Amino acid sequence: MIEWLLRWSTRLTSVPVIQDFAYGRAGRFVKGCLSRMQMRLAQFRRVPIERFHGKYFYPPSKVLQVSVTNVCNARCSFCAYRLVADTERPTGVMKMEVFKKAVDEYSAMGGKSIDLTPTVGDPLLDPTLIEKVKYCREHTGIQDICLTTNAIAMCKRDMFRQLVDTGANIICISLPGLDTETYKQVYGIDRYPEVIKGIAELLKYNKERGEPSRVILRFRNPQKPSTLIASKDFVEHIKPYLSNQVTCNFTVDFDNWGGSIGEQDMYGIMKLREIPPRYNVPCANLFNFMVRYDGSVRLCGCRLKDSEDDGLVVGNVFQNSLEEIGRGKRVHDIIEGFYNGKRPSTCEQCSFYLPMTHKRADVLTAKS
């Protein structure tokens with residue numbers, strides 16, 4: 001379904017007015033209505049905790065998130081990184097021994113997809129990133145290697161070539177717009193010339209190689225889609241490469257990162273999504289496991305509020321295996337807490353809440 005929507009969205013770049021309609025008020029209204037219906041159904045037909053039989057990590061059905069670093073080179077207005085970047089929080093890059101232990105265990109459990117995107121940070125700042133991609137391709141059964149980057153460092157060390165050649169087959173690029181001023185306003189730094197050059201080089205090289213990598217351009221746009229589609233850099237550097245393998249989409253609304261991001265952080269047409277009602281149903285994102293750079297394991301690699309070392313950290317790969325952590329008491333207590341109206345502080349005001357439904361549970365447990 002997601003693949004179809006991406007391709008549909010990309011084809012409609014030839015009809016900008018429809019893009020403006022779909023990603024504007026109409027899109028937010030439809031998305032909000034569907035979300036509320038889904039949540040009420042999830043509450044009415046709750047998935048009992050017994051459905052999971054004390055097991056909360058399902059590698060055959062879930063991507064393993066691997067946070068290779070928690071350092072970033074941007075200060076995006078819609079991201080909590082800029083709020084924690086200058087604090088005394090621990091930072092680092094994942095060592096190969098941590099990476100190997102995590103992906104080896106995940107692959108042995110039947111896992112096929114990893115995402116090298118940190119909760120906050122940019123994977124291209126990991127100097128051993130290419131070594132990690134090579135290891136997955138040469139020593140594990142992992143099929144899909146995904147990462148999301150702001151592309152600032154895409155041309156350093158010919159990173160665009162190395163990613164394509166070593167087998168990073170899903171490359172997502174996050175960007176706000178296609179001009180210098182918009183980039184500075186939303187991403188907090190003046191690096192747009194490097195970004196558009198990196199994107200152009202990646203798209204060109206990927207096409208020369210027969211498009212082995214999926215490239216997804218994810219606009220966090222303060223401007224209407226039609227403005228971006230008509231821009232000089234879109235027409236010259238992006239549009240000629242759009243295909244089933246190279247797609248783009250725009251952002252309907254933005255998450256509040258547990259309440260740490262507000263309307264004052266939005267620009268132009270950017271809008272925060274509504275905080276959903278509290279239902280005593282666990283969030284489906286709790287079943288997404290992330291291994292952090294130091295080996296600690298955290299539920300929901302999507303968001304944080306004040307720190308990565310919060311109530312969602314459930315273990316460490318050097319103390320227990322991923323399978324043991326997935327069956328551990330700490331994970332069980334967090335998920336059970338949702339049924340009893342108790343949530344970690346990060347989750348209290350999170351607008352990224354996605355209730356577990358019977359359909360999601362079926363998909364989660366189908367291959368186990």
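**Exercise 1. Is glutamate 208 buried or exposed, and where does it sit?**

Start with the cut-offs: buried means under 20% relative accessible area, exposed over 50%, and partly exposed in between (1.4 Å probe, protein chains only). Glutamate 208 has 55% relative accessibility, so it counts as exposed. Next, place it: glutamate 208 belongs to helix H9. Helices here are DSSP runs (H or I, at least four residues), strands are E runs of at least two, and both are numbered from the N terminus. Finally, glutamate 208 and glutamate 274 lie 66 residues apart in sequence and 43 Å apart in space, C-alpha to C-alpha.

A word on the source: this is a predicted model, where local features need pLDDT of at least 70 and side-chain atom pairs count only at pLDDT 80 or more, while totals for chains, interfaces and linings use all residues. Residues are numbered from 1 along each chain as its sequence is written, and side-chain values use heavy atoms, with hydrogens and water left out.

**Exercise 2. Find what helix H9 gives to the largest nonpolar core, and what leucine 116 touches.**

First, the term: a nonpolar core is a set of buried Ala, Val, Leu, Ile, Met, Phe, Trp, Tyr and Cys residues joined through side-chain atoms within 4.5 Å. The largest one holds 109 residues, and those touching the most other members are Phe52, Phe99, Ile114, Leu116, Leu163, Ile173 and Phe219. Helix H9 (residues 192-208) gives the most to this core, with seven residues. Now zoom in on leucine 116: leaving out residues up to four places away in sequence, its contacts (heavy atoms within 4.5 Å) include Val66, Val68, Phe99 and Ile145. As background, nonpolar side chains tend to be buried together in soluble globular proteins.

**Exercise 3. Where are aspartate 158 and glutamate 211, and what is phi in each?**

Take aspartate 158 first. It sits in the loop between strand E3 (144-149) and helix H7 (159-166), and its phi is near 50°, a positive value in a residue other than glycine. With 37% relative accessibility, aspartate 158 is partly exposed. Then glutamate 211: you'll find it in the loop between H9 and strand E5 (214-219). Its phi is positive too, about 55°, although glutamate 211 is not a glycine. At 21% relative accessible area, glutamate 211 counts as partly exposed. For context, most residues other than glycine have a negative phi.

**Exercise 4. How much of the protein is buried, and how many helices and strands does it have?**

Of the 368 residues, 55% count as buried. The protein has 15 helices and nine strands.
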